[in-house]
Amino acid sequence: MNKNKNNPFKTPESYFNSFEDKLMDKLSKPESTFPKDSAFNVPDNYFKSFNETLKKQLNNEPKVIPLFSIKKVFAVAASIAAIAVIALNYDWNSSNDLSFEDLANTDIEAYFENNDFGLSPYEIAEVLPVTNTEYSDFLSSPIESDNLLDYLNENVSDFDELNFEDNE
Amino acid sequence: MIEEETLVLDLKTKSKQAQAFEVLVNTYKERLYWQIRSIVLNHQDADDVLQNTFIKVYKNIDGFKGDSKLFSWMYRIATNEALNFIKKRAKLQGISDTDYQDKLVSNLEADVYFEGDEIQLQLQKAIATLPEKQKLVFNMKYFQELKYEEISEILDTSVGGLKASYHLAVKKLEQYLKED
């Protein structure tokens with residue numbers, strides 16, 4: 001907002017432009033109790049000898065294997081020959097195509113356990129549809145209701161907690 | 001000091017590469033070291049990460065497009081290397097990143113390369129409680145005295161956002177130190 005025409009007071013040039021910066025700097029000024037020295041040290045001559053250490057490291061880097069070595073060409077030729085032999089003897093008429101259904105549940109579980117996808121349970125929960133998911137979708141065998149009641153009896157002290165609609 | 005553009009050009013030229021790399025290491029090793037050390041806290045790990053950082057720089061210099069300053073580019077590599085190092089170590093020990101960092105701070109008391117008094121140790125403990133971004137911003141601004149514009153280019157965050165992060169970090173640290 002511009003100042004009123006009759007207002008005789010003035011501000012220094014670009015006062016309002018720099019106000020935010022000044023305010024932020026002031027707000028961010030730490031108390032004097034913060035020590036300025038972080039107190040971290042390095043061993044004597046560490047920085048002097050660093051170049052040598054790094055040079056050694058760079059020389060120790062594994063060698064790049066050429067893309068087309070003779071050995072590789074032989075290996076590729078041998079595998080093509082092997083595939084040709086197998087293909088000639090294969091019964092092309094059988095219809096035993098593998099599908100997702102053929103995978104054993106244990107194999108799928110083992111795959112998920114042994115491969116890290118870097119996803120937290122929360123991130124997984126974000127992509128799983130909640131509305132159409134029943135707890136029975138996650139279980140290979142159904143739970144007997146007697147067992148369920150026994151479990152609740154032994155493990156839940158406050159039954160109000162189970163009233164999800166109220167606790168949502 | 002050699003001009004940055006010349007240095008980058010030399011680094012990409014086979015015949016001048018070795019010499020240029022030496023200049024690069026000499027120019028930046030200390031600054032990058034302190035950035036890494038502020039994240040991994042102990043010297044041995046900082047040394048490992050610093051070496052890996054320069055190895056990465058050496059291998060990827062051809063891919064450096066010059067969109068940002070060489071210094072910011074290397075700082076970003078160093079920061080990411082250090083953060084990944086922490087994450088990997090935490091995973092290896094089967095604990096969360098936060099628990100691992102708490103452990104790092106409690107190890108400081110026995111660290112021969114940490115000569116802090118009670119207040120300096122308390123400040124490090126307080127810094128460890130900050131969220132990652134605030135921790136980075138505080139260390140870079142307060143201890144390394146980088147300009148907001150420089151931090152902005154390294155962390156790819158607006159200057160305004162950085163100021164807010166720094167302000168929040170300072171408030172939290174003051175609160176922590178008062179309570180303790």
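A residue is called exposed if 12 or fewer other C-beta atoms lie within 10 Å of its own, and buried if 20 or more do. In this predicted model, B:Glu145 offers a handy example to start with. With 9 C-beta neighbours inside 10 Å, B:Glu145 falls under that limit and therefore counts as exposed. The residue is found in the loop between α7 and α8 (148–155) of chain B. Its backbone is worth a look too, for B:Glu145 has a positive phi of about 55 degrees although it is not a glycine.

Chain A holds a residue that can be described in a similar way. A:Asn45, which is not a glycine either, has a positive phi of about 60 degrees. A:Asn45 sits in the loop between α1 and α2 of chain A, and it counts as exposed because 8 C-beta neighbours lie inside 10 Å.

What elements make up chain A as a whole? The chain has seven helices and zero strands, so to read along it from the N terminus is to meet the order α-α-α-α-α-α-α. Of the 168 residues in chain A, 2% are buried.

The two chains also touch each other. At this interface, 21 residues of chain A are in contact with 25 residues of chain B. On the side of chain A that touches chain B, the elements giving two or more residues are α1 (15–27) and α2 (46–60) of chain A. Which of the elements gives the largest share? That share, seven residues, comes from α2(A). Sorted by class, the residues on this side of chain A comprise 13 nonpolar, seven polar and one charged.

Within chain B, helix α2 (residues 14–40) can be followed through two helix contacts. One partner is helix α3 (residues 43–60) of chain B: the two axes come within 9 Å and cross at roughly 135 degrees. An angle between 115 and 145 degrees counts as oblique, and α2(B) and α3(B) are therefore oblique to each other. The crossing of α2(B) past α3(B) is right-handed. From α2(B), the residues that meet α3(B) include B:Phe21, B:Val25, B:Leu32 and B:Ile36, while those on the α3(B) side include B:Ala46, B:Val49, B:Leu50 and B:Phe54. The residues of this contact divide into 11 nonpolar, one polar and three charged.

The other partner is helix α4 (residues 70–92) of chain B, whose axis comes within 9 Å of that of α2(B) and crosses it at roughly 30 degrees. Because angles under 35 degrees count as roughly parallel, α2(B) is roughly parallel to α4(B). Here, too, α2(B) passes α4(B) in a right-handed crossing. Among the residues that make the contact are B:Leu32, B:Ile36 and B:Val40 of α2(B), along with B:Met74, B:Ala78, B:Leu83 and B:Ile86 of α4(B). By class, the contact of α2(B) with α4(B) has 13 nonpolar, two polar and no charged residues. B:Leu32, B:Ile36 and B:Val40 also appear on the α2(B) side of the contact with α3(B).

Further along chain B comes helix α6 (residues 118–128), with the buried residues B:Leu123, B:Ala126 and B:Ile127. Where do these residues lie around the helix? Seen down the axis of α6(B), the buried residues fall within an arc of 100 degrees, so they line one face of the helix. Their packing partners are α7 (132–143) and α9 (159–179) of chain B.

How values were computed. Residues are numbered from 1 along each chain as its sequence is written. Chains are lettered from A and ligands numbered from 1 in the order in which they are written. This is a predicted model: local features need pLDDT of at least 70, side-chain atom pairs count only at pLDDT 80 or more; totals for chains, interfaces and linings use all residues. Two residues are in contact if their C-beta atoms, placed from the backbone, lie within 7 Å. Helices (H or I, at least four residues) and strands (E, at least two) are DSSP runs, numbered from the N terminus. Ala, Val, Leu, Ile, Met, Phe, Trp, Tyr, Cys and Pro count as nonpolar, Asp, Glu, Lys and Arg as charged, and the others, Gly among them, as polar. Axes are lines fitted to C-alpha atoms, for helices over the stretch in contact, and angles run from 0 to 180 degrees between N-to-C directions. Angles under 35 degrees count as roughly parallel, over 145 as roughly antiparallel, 65 to 115 as roughly perpendicular and the rest as oblique. A crossing is left-handed if the near helix is turned anticlockwise from the far one by less than a right angle, and right-handed if clockwise. The arc is that of the directions from the helix axis to the C-beta atoms.
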